[in-house]
2 protein chains.
Amino acid sequence: MADQRRRDLAAMLYPFARALVAAELPVLARHELNMWGYSVLCALDGSPARTQAALAQAINADKTRIIGTLDGLQRDGLISREPDPADRRARLLAITPAGRRVKIAVQAEIQANENRILARLPAGDRRAFLRVAETLADLSPDEIAGL
Amino acid sequence: MADQRRRDLAAMLYPFARALVAAELPVLARHELNMWGYSVLCALDGSPARTQAALAQAINADKTRIIGTLDGLQRDGLISREPDPADRRARLLAITPAGRRVKIAVQAEIQANENRILARLPAGDRRAFLRVAETLADLSPDEIAGL
């Protein structure tokens, strides 16, 4: 497998992934969301209500850093924050029906562009690529660094 | 292909690719290279001598931004800069034998780590993933954004 003739994986994937993220920005702007807001909606969609700490961990964000984002999402009616019955100091976050509609609309646009790109690939390669991407996305930074 | 249940490609690949890049930094530091220096060596290895303008374009860098990097690589004997016989104002860059040895050593370490990660995958998926990564890496930002 030590094939020096392939390019480095990082050199192939990093510019591509960065360009994909850049392509999301106008979609998010049209829906008046920023990247953190979209990440929050994705993390809350289809999951049970979460504490702010659990949410921050799920999206790899600093807990204090996303407070402004959560305030904005709540103000826009996209998420709710209710006291946690198990811990009165904590609040549970959940996506609202309006939040879910926005998330679905944004994701449909984002994935439509991604699917346009993936449509260049043979179907078998496309399926394998997505399967591998799911596996690699679940690795921790330490696993990727070999620590 | 509009499968809302998959995660966004950007959300899967961007953190993974960023962590791969981060994993390269200690390797580069051990060889006293920075990322631009390594990119330059990779672009010059196995290619005919290039002008600074062509090199900058190949690695997606600003022409003036890499001058310091080129100075350092030349001082360390890893690249040469000779006047271009076709254009006396331009200089042609080439990798030296010492530069090639450093590039090969660094790339072997980087790809050994990448291969450790890829070894988790079934062989067919791994081959398909690398094939697709090569294809996607050749897309321009405009093609990725659908412009």
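**Exercise 1. Determine which residues of α2(B) are buried.**

Solution. The model is predicted: local features need pLDDT of at least 70, side-chain atom pairs count only at pLDDT 80 or more, and totals for chains, interfaces and linings use all residues. Residues are numbered from 1 along each chain as its sequence is written, and chains are lettered from A and ligands numbered from 1 in the order in which they are written.

Step 1. Apply the criterion: a residue is buried if 20 or more other C-beta atoms, placed from the backbone, lie within 10 Å of its own. Helices are DSSP runs (H or I, at least four residues), strands likewise (E, at least two), numbered from the N terminus.

Step 2. In α2(B), the buried residues are B:G37, B:Y38, B:S39, B:V40, B:L41, B:A43 and B:L44.

Step 3. Helix α2 of chain B (residues 35-44) is largely enclosed by the rest of the structure, because seven of its ten residues are buried. Just after α2(B), B:G46 has a positive phi of about 75°.

**Exercise 2. Describe the packing of α1(B) with α5(B).**

Solution. Step 1. Helix α1 (residues 9-30) and helix α5 (residues 97-118) of chain B pack at about 145°, with axes 10 Å apart. Axes are lines fitted to C-alpha atoms, for helices over the stretch in contact, and angles run from 0 to 180 degrees between N-to-C directions.

Step 2. List the contacts (C-beta atoms, placed from the backbone, within 7 Å). From α1(B), B:L20, B:A23, B:E24, B:V27 and B:L28 meet B:V106, B:E109, B:I110, B:N113 and B:E114 of α5(B).

Step 3. Sort them by class: six are nonpolar, one is polar and three are charged. Here Ala, Val, Leu, Ile, Met, Phe, Trp, Tyr, Cys and Pro count as nonpolar, Asp, Glu, Lys and Arg as charged, and the others, Gly among them, as polar.

**Exercise 3. Establish how chain B is related to chain A.**

Solution. Step 1. Chain B superposes on chain A (RMSD 0.0 Å) by a rotation of 180° with 0.0 Å of shift along its axis. The fit is by least squares on C-alpha atoms of residues with pLDDT of at least 70 in both copies.

Step 2. The two copies are therefore related as by a two-fold rotation axis. Of the residues of chain B, B:F129 comes closest to this axis, at 2.5 Å (C-alpha).

Step 3. In the interface, 49 residues of chain B contact 49 residues of chain A. On the side of chain B that touches chain A, α1(B) gives the most, with 15 residues.

Step 4. The copies meet through the same surface, because 100% of the interface residues of chain B are also interface residues in chain A.

Methods: Contact = placed C-beta atoms within 7 Å. Buried ≥ 20, exposed ≤ 12 C-beta atoms within 10 Å, placed from the backbone.
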